[in-house]
Amino acid sequence: MAVEMKPVQSSDVLEIGWDDTAQELLVRFKDKNGNPGSLYAYPSAGQGAYQDLLEATSPGQYVNRWLKQQPHR
């Protein structure tokens, strides 16, 4: 089943999603032109991080502060 990705208002992050099967947070970044870029999966972030990111005033700052140090692929 495909994961529903939700767009967010950010200069760096295009969209986010929660993969219930894999239990991981998905973050698609924008490339330098604002187009869809790399997709990162954060398996240890938890569903709470997904909700926090949806509600964040600045999703890019949230990623930089809380997710960059998390294991990802």
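Select E24 to begin: in this predicted model, E24 is buried, with a relative accessible area of 6%. The cut-off for that word is under 20% relative accessible area, so E24 qualifies. Now add R73 to the selection. R73 and E24 form a salt bridge whose closest N and O atoms lie 2.6 Å apart. The two residues come from distant parts of the chain: E24 belongs to strand β3, whereas R73 is in the segment after α2 (59–67), 49 residues apart. At 61% relative accessibility, R73 counts as exposed, so the bridge joins a buried residue to an exposed one.

**The second salt bridge**

How many salt bridges does a search of the whole structure find? The search finds two. For the other, select R28 and E15, whose side chains meet at 3.2 Å, N to O. This pair also links distant parts of the chain, with R28 in strand β3 (residues 24–30) and E15 in strand β2 (residues 13–19), 13 residues apart. R28 has a relative accessibility of 21% and therefore counts as partly exposed.

**The whole chain**

Next, show the protein chain as a cartoon. Two helices and four strands make up its secondary structure. Followed from the N terminus, the elements run β-β-β-β-α-α. The radius of gyration is 11 Å, close to the 11 Å given by the globule rule for 73 residues, so the chain is as compact as a globular protein of that length. Along its principal axes, the C-alpha trace spans about 30 × 25 × 20 Å.

Switch to a surface display. The chain exposes about 4,800 Å², of which carbon and sulfur atoms supply 45%. Buried residues account for 33% of the 73 residues. Of the contacts between residues at least 6 apart in sequence, 34% join residues at least 24 apart.

**The nonpolar core**

Hide the surface and select L25, V27, Y42, L53, V63 and L67. These are the residues with the most contacts inside the largest nonpolar core, which has 15 residues. Strands β2 and β3 and helices α1 (47–55) and α2 each supply at least two residues of this core. In soluble globular proteins, nonpolar side chains tend to be buried together.

Centre the view on L53, which is found in helix α1. L53 is buried, with a relative accessible area of 0%. Which residues does L53 touch, not counting residues up to four places away in sequence? The partners are I16, L25, V27, P59, Y62, V63 and L67. For a distance check, select P43 as well: its C-alpha atom is separated from that of L53 by 15 Å, the two residues being ten apart along the chain.

**Helix α1**

Extend the selection to the rest of α1. Its buried residues are A49, Y50 and L53. They cover an arc of only 105° around the axis, which puts them on the same side of α1. An α-helix has 3.6 residues a turn, so residues three or four places apart point the same way. The buried residues of α1 pack against β1, β2, β3 and α2.

**The loop between the helices**

Move on to A56, which lies in the loop between α1 and α2. A56 is partly exposed, with a relative accessible area of 22%. Adding Y40 gives a second distance: A56 and Y40 are 16 residues apart in sequence and 18 Å apart in space, C-alpha to C-alpha.

**Helix α2**

Now select P59, G60, Y62, V63 and L67, which are buried in α2. Viewed down the axis of the helix, the buried residues fall within an arc of 160°, so they line one face of α2. Which exposed residues does the face turned away from the buried side of α2 carry? That face carries Q61 and R65. The cover over the buried residues of α2 includes β2, β3, β4 (36–42) and α1.

**A last stop at S10**

Finally, select S10, in the loop between β1 (5–7) and β2. Is S10 buried or exposed? At 14% relative accessibility, S10 counts as buried. Apart from its neighbours within four places in sequence, S10 is in contact with K30, P59 and G60. Two of these partners, P59 and G60, are among the buried residues of α2.

Definitions and conventions:
Residues numbered from 1 in each chain as written. Predicted model: local features only at pLDDT ≥ 70, side-chain atom pairs only at ≥ 80, totals over all residues. Heavy atoms only, no water. Salt bridge = Lys/Arg side-chain N within 4 Å of Asp/Glu carboxyl O. Buried < 20%, exposed > 50% of the residue type's maximum accessible area, 1.4 Å probe, protein only. Core = buried A, V, L, I, M, F, W, Y, C linked by side-chain atoms within 4.5 Å. Contact = heavy atoms within 4.5 Å. Rg over C-alpha atoms; globule rule 2.2 N^0.38 Å. Areas by Shrake-Rupley, 256 points an atom, 1.4 Å probe, with all protein chains shown as cover. Arc of directions from axis to C-beta.
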